[in-house]
Amino acid sequence: MLMPPFTLHNPTTVEEACTLAGELLEKGEAFDWVAGGTDLLPNYKWHINPKPHVISLARIEGVDTLSLHEIGCMARLGDLTAENGIHPLIVEAAGKVASSLIRHNATLGGNICLDTRCFWYNQGEDWRRSIDWCHKADCGTGAECRVIPNQNTLCVATYQGDIAPTLMVLDAEVHLIGPNGLRVIPITEFYQLDGMKKNVLEDGEFLLKVTLSKEAAGRSGSYQKLRVRDSWDFPEAGVAASWIPGDVSSLQIATTALESIPRCHPEEVSAVLDEGWDGISSIKALAAGVRKSVQPVNNTSLPPRYRKSMVRVLTKRAVEKMIEEIQ
Amino acid sequence: MSGGYRQQPGGSGHTTRKDGKRVAGKQAFPPPGSGGSKPKMATRDLDFIPESVGGKEPQPAGSHIHDRVRTGTSVGKEMPLVDSNAKVTGQAWYGDDVRLPNEVIGKILRSPHHYAKIKSIDTSRVEALPGVLAVATGADSPHRFGVLPVTKDEHAMAVEKVRHVGDLVACVAAIDEATALEALNLFDIEWEVLEPVFDPKKGLEDVDEPIHWRGKYHLAKTNVQKRVFQEFGDRSLVEKPHAESHGKWSMAGVHHGFTEPHAVVAHWGPNGRLQLYTPQQVPHYTHRALSTVLDVPMHQINVIRTFVGGGFGGKSDPFPHEMCAAILARKSGRPVRITFDREEVYWINRGRHPSHIEVKMTADEDARISGFDIDALIDGGGFASFGHVTSYYNGVLATAPYELGSFHYTGARVWTNKPASGAMRGHGAVNTRCAVEVGLDEMAETMQVDPIDLRLANLLPPHSRTISGFRITSNGMREALEKVRTGSNWDEKFRKMPLGKGIGIGCGFFISGSGLPIHWDPNRFPHATVHMQVDMDGGVTVHTGAADIGQGSTTAVAQVVSEVLALPIEMIHVRSHESDTSPVDLGSYSSRVTFMNANAAIRAALEIREQLLNAAWEILGYHPNNLILNDRRIYYKHDPAIGVSYLKALHKAQEDKGALIASGAYRSPPMGGVHKGAAAGLAPAYSFSAYVAEVDVDVETGIIQCTNVWAAHDCGKALNPLAVKGQIIGSCHMGLGQVLSEKMVYGRTGHLQNANLLDYKIPSVHEMPHVEPIIIESCDPEGPFGAKEAGEGPLLPILPAVVNAVYDAIGIRLRNLPLTPDVVYKGIEKALKASEFDDPTDLPSPTLTFSSMQQKLVARAQEHKIRDKARQRTEDTSPYVNGVLFGFDPTIPLEDQVEGWRIATEPDPEQLAELGLAGRAWLKKEQRQMDGEN
């Protein structure tokens with residue numbers, strides 16, 4: 001595997017990075033941001049959407065902050081799991097990402113902005129040629145989506161990040177910065193349903209940091225991850241749950257690795273809460289509701305039917321574990 | 001006589017006075033370690049165990065022919081592999097580490113189609129690209145090759161048609177990788193796409209364009225590459241079974257997953273000879289194939305085996321990319337290096353065959369196994385590779401360790417448009433073994449007996465013959481079963497644990513070297529040859545062609561030489577990389593290397609030993625029969641003080657001729673039956689193993705965690721217990737992968753979906769159970785110092801042990817491998833539907849109450865234990881053949897005793913209607929029998 005050639009830019013301040021991005025945009029040059037590189041570089045080696053320019057965030061000072069209320073985009077997952085004072089739910093999810101070797105390099109920003117995955121997409125160039133190219137990787141070839149043939153508009157590649165659902169149930173906010181300035185939005189509004197667009201980041205923007213409000217910091221929760229091997233593997237399904245301990249009405253559930261975006265499930269939660277909380281039977285109803293609301297497709301290791309069934313088990317376990325913790 | 005180290009010539013006779021007092025200055029030197037009280041070395045009776053470990057008891061497995069050359073130097077001692085320092089310090093040179101001056105990079109153009117004819121290839125645009133030095137296509141390599149002489153069906157690059165996605169079409173050599181990759185996009189090829197076949201069941205049907213054409217031997221117009229029928233024994237025994245089991249299995253293909261991708265460097269030297277550097281398990285076959293493909297005599301080719309970063313069978317074919325590198329190097333005049341991406345590794349494959357296996361078995365009212373009925377349809381992919389042999393192994397390697405009333409096997413291997421399957425650790429035996437062992441478990445369940453006792457009461461004894469005519473020599477099966485039973489605390493756990501916790505048993509049986517070599521020309525050519533050279537410095541250089549692929553064959557050779565010559569292992573230097581300097585060894589496959597190569601090495605070392613003893617004879621005046629070689633000294637048997645140093649003796653032996661040289665060879669003895677295919681599965685010795693696995697099953701998710709394994713393997717004699725334990729643990733890991741998570745996924749379109757190490761799920765350290773390796777030493781009469789194989793056999797039992805343990809945990813028989821969580825969950829869902837429960841955690845855990853049969857089996861096993869002990873020690877040397885358990889006389893051929901005792905290799909016409917899936921291949925005729933029919 002030969003990495004395609006690209007020009008690497010190493011800005012040292014956020015402003016410089018934004019200016020650089022603005023200049024490249026103006027020139028019409030395509031580029032990618034790189035943080036830890038554990039997601040982007042393997043894709044480059046497979047010649048999946050390589051760009052002529054790559055802007056690295058690694059040399060920028062002050063974007064690797066690690067605290068209860070603020071985590072910078074360059075915070076390494078390995079440091080995040082080792083540091084005291086980070087929200088335990090984030091630590092739990094970060095600790096389940098890939099392997100310790102990868103966590104050493106991988107960053108929070110990279111994990112949140114993880115590229116969507118699909119077994120028709122994450123393949124070498126020769127392989128993709130044999131399927132007559134992929135809709136997401138080989139734009140311009142006119143290739144159709146191979147997951148669901150005969151539909152050409154939507155990419156259904158799966159988002160397989162572990163940390164996003166936990167941030168969602170913690171009401172985290174993401175800070176996005178680019179040539180046009182800074183904007184702060186709830187992470188629940190960050191993702192955008194399409195395996196190619198993935199999120200609301202505009203050209204030239206990058207994710208600067210994640211912040212957690214004081215109220216959110218008081219929440220506790222659990223993250224349940226389904227995978228074949230306890231190391232390396234991306235989630236085949238993931239469910240995060242949180243609440244303000246003791247207060248059922250504050251319950252929030254988010255899922256990941258089932259669709260092109262991670263998402264919260266407020267309707268399913270309120271449907272159960274409206275019926276009145278009744279311990280085990282409510283948990284079961286909630287689990288069934290969340291299961292029903294997700295639509296996985298056949299593009300990861302395990303079959304979608306099974307992954308969907310497991311959402312019920314994972315939701316149940318997440319909520320049970322969360323409740324158990326205060327007892 | 002030159003002054004050797006001599007004291008008191010003539011022994012101790014002159015040194016004692018009649019009055020018992022010592023003579024001044026003439027004390028008898030006590031032998032080392034005797035504490036001075038015994039003037040003479042105690043004689044040791046090798047038939048009995050040493051007094052230090054109890055004495056009096058006969059050797060458990062009898063004495064061994066090599067015992068008289070034991071020096072206690074290295075055999076049986078735990079020692080790190082001799083090449084381990086090179087590996088852990090990064091100094092081992094693997095395929096891609098070879099760098100030659102001026103080398104260029106080769107890249108291969110691969111087929112984007114499953115199955116297509118190449119109508120034309122235009123290379124003009126490629127050749128015009130600056131930096132491209134050579135281009136080659138199928139037209140440059142018209143000669144066929146293949147690992148087996150009977151099935152040469154490969155070309156260096158596709159001639160006429162491509163047979164799977166990733167098949168080689170053309171190759172280029174360019175000044176760097178980027179240019180070579182760019183060049184690949186410039187080929188103009190006109191294809192005619194053909195209808196591909198992916199499902200092996202479809203491979204049995206007639207098609208317009210079979211993937212290969214075998215002329216008059218082609219089976220109708222099907223894609224069947226090989227069909228096998230074997231039937232032995234008395235089939236009437238299965239008619240009224242007391243108990244039976246019937247299972248249909250579907251097993252996914254798995255890949256070896258070795259660390260090092262294939263890599264090769266080819267260079268035509270200044271004198272026009274080819275030097276080919278490649279990580280090969282069987283460099284000799286590559287050597288032969290290169291000679292054929294390149295049209296160059298073998299003596300003009302030097303195959304250099306680099307360090308091999310794992311092989312497991314996946315580097316034992318001569319490979320087309322090796323030919324490509326040689327062709328490109330010849331065309332460009334520069335050394336050419338080709339290194340594979342992981343994707344290419346999966347495309348060249350040669351992993352375990354995806355299989356559909358059906359096993360029926362029956363037991364009679366005495367719980368004797370009256371019949372095995374096996375049908376195996378195996379998916380060969382695009383090429384034959386080792387498939388001819390695999391087709392046999394899937395059946396015949398199930399004929400032991402149990403005594404059978406009858407045996408019936410139909411097998412077929414079909415070509416499909418997928419990467420070729422081939423040989424993988426446990427070649428051909430693994431899948432059927434799993435099905436058979438699970439069948440036995442099920443049969444024990446119906447008879448309400450303990451599955452371990454069922455096995456113990458049906459074992460073939462040592463020094464016996466299987467129903468298919470294999471010669472069993474040493475046999476540690478019984479001891480292995482007993483050890484894992486006590487080790488795992490089986491009797492307390494089996495069918496007694498709560499839902500989700502289970503324990504299971506599985507056994508294994510594997511060849512230790514194949515009796516017939518793949519190539520037997522020239523006639524009576526040895527399987528292994530070892531050359532040895534000892535120069536004036538005393539170091540021993542051993543030349544062998546045996547390919548160390550990490551299994552430790554180099555260490556094994558060094559150890560046995562060190563043992564015979566009583567030299568520390570640091571003085572033994574093994575040279576095994578170059579075909580120019582190494583005598584031919586057939587390679588690292590079928591677990592033959594330690595057995596055959598170490599035997600050859602012992603013979604060479606004995607020759608050196610003889611030369612040394614003769615030299616010492618000249619110095620000391622004692623006949624070699626009375627001399628002992630040990631501790632770098634040669635001394636008089638009855639008075640160790642009289643001796644000469646190793647170097648002195650060596651220099652004496654070297655007078656007027658210089659370095660001592662010796663050669664040793666091994667060829668397995670003639671044996672086995674005479675029926676068609678009798679040689680398949682024939683081996684000079686067999687290994688036996690029994691594992692108990694313990695699992696936790698999460699009934700809500702179907703996730704299985706194997707927690708503990710007790711793994712007993714009979715390797716005859718552990719030359720290096722550390723290496724044997726490593727093989728056992730490594731085998732567990734590899735087998736667990738196959739049973740729990742590894743599979744080559746061919747998707748809806750027939751493409752291999754997971755050609756990378758993230759999606760091809762080899763278990764990580766988290767999935768590894770605690771493995772307790774238990775070494776059983778049955779001391780094989782033919783093995784080197786009693787040793788048998790330990791590299792492949794240990795893989796077999798882990799699969800059935802886990803599958804049986806899963807049944808013990810959740811009461812569900814699963815027959816789709818691997819048991820990924822979704823497969824298990826599906827089984828649980830099905831069981832739930834059939835039960836009155838909604839929640840899987842309410843499912844009942846299986847229990848067992850023994851029937852009266854249990855006591856009978858225990859009693860029979862006890863009798864057999866006494867029988868086996870006597871036979872193992874050769875106190876009882878009466879003949880024993882499969883069938884004695886059923887009351888037959890072992891001294892008369894069975895076919896003369898029983899009317900209807902069959903030894904058949906073709907079905908009778910009336911059988912045709914009832915053959916299994918693979919058996920249906922027998923409904924077709926070969927082209928030569930079909931005159932005018934199509």
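This report walks through a predicted model with chains A and B, from domains and interfaces down to single residues.

**Chain A and its two domains**

Chain A splits into two domains. Domain 1 of chain A takes in residues 7–118 + 157–215. Domain 2 of chain A covers residues 220–326. Their C-alpha centres lie 24 Å apart.

The two domains touch. On one side, 27 residues of domain 1 of chain A take part, and they are in contact with 24 residues of domain 2 of chain A. Two elements each give two or more residues to the domain 1 side: α4 (88–95) and α8 (163–169) of chain A. The largest share there, five residues, comes from α8(A). By class, this domain 1 side has 13 nonpolar residues, nine polar ones and five charged ones.

**Where chain A meets chain B**

The chains also touch each other. Here 22 residues of chain A are in contact with 28 residues of chain B. On the chain A side, the elements that give two or more residues are α7 (125–130) and α12 (304–326). The chain A side has 13 nonpolar, five polar and four charged residues.

**Chain B as a whole**

Chain B has 934 residues. Its secondary structure consists of 19 helices and 30 strands. Along the principal axes, the C-alpha atoms of chain B fill a box of roughly 100 × 80 × 55 Å.

How does the radius of gyration of chain B compare with that of a compact globule? A compact globule with 934 residues would have a radius of gyration near 30 Å, and chain B has 30 Å, so the two agree.

Burial and contacts add to the picture. Buried residues make up 57% of chain B. Take the contacts in chain B between residues at least 6 apart in sequence: 80% of these join residues at least 24 apart.

**Backbone details in loops**

Four loop residues deserve a look. Two are prolines of chain B that follow a cis peptide bond. The other two, A:H47 and B:N489, have a positive phi without being glycine.

| Residue | Backbone feature | Loop |
|---|---|---|
| B:P401 | cis bond from B:A400, omega near 5 degrees | between α7 (387–396) and β15 (406–415) of chain B |
| B:P818 | cis bond from B:L817, omega near 0 degrees | between β29 (816–817) and α17 (821–834) of chain B |
| A:H47 | positive phi, near 60 degrees | between α2 (40–45) and β3 (53–56) of chain A |
| B:N489 | positive phi, about 60 degrees | between α10 (477–488) and α11 (490–493) of chain B |

Why does A:H47 count as partly exposed? A:H47 has 19 other C-beta atoms within 10 Å. A residue is buried if 20 or more lie in that range and exposed if 12 or fewer do, so 19 falls in between.

B:N489 gets the label partly exposed too, because it has 13 C-beta neighbours inside 10 Å. The exposed class ends at 12, so a count of 13 also falls in between.

**In brief**

Chain A is divided into two domains, and these domains are in contact. Chain A is also in contact with chain B, through 22 of its own residues. Chain B agrees with the globule rule in its radius of gyration. Its loops hold two cis peptide bonds, one leading to B:P401 and one leading to B:P818.

Conventions:
Residues numbered from 1 in each chain as written. Chains lettered and ligands numbered in written order. Predicted model: local features only at pLDDT ≥ 70, side-chain atom pairs only at ≥ 80, totals over all residues. Domains from an automatic or database assignment. Contact = placed C-beta atoms within 7 Å. Helix = DSSP H or I, 4+ residues; strand = E, 2+ residues; numbered from the N terminus. Nonpolar A, V, L, I, M, F, W, Y, C, P; charged D, E, K, R; others polar. Rg over C-alpha atoms; globule rule 2.2 N^0.38 Å.
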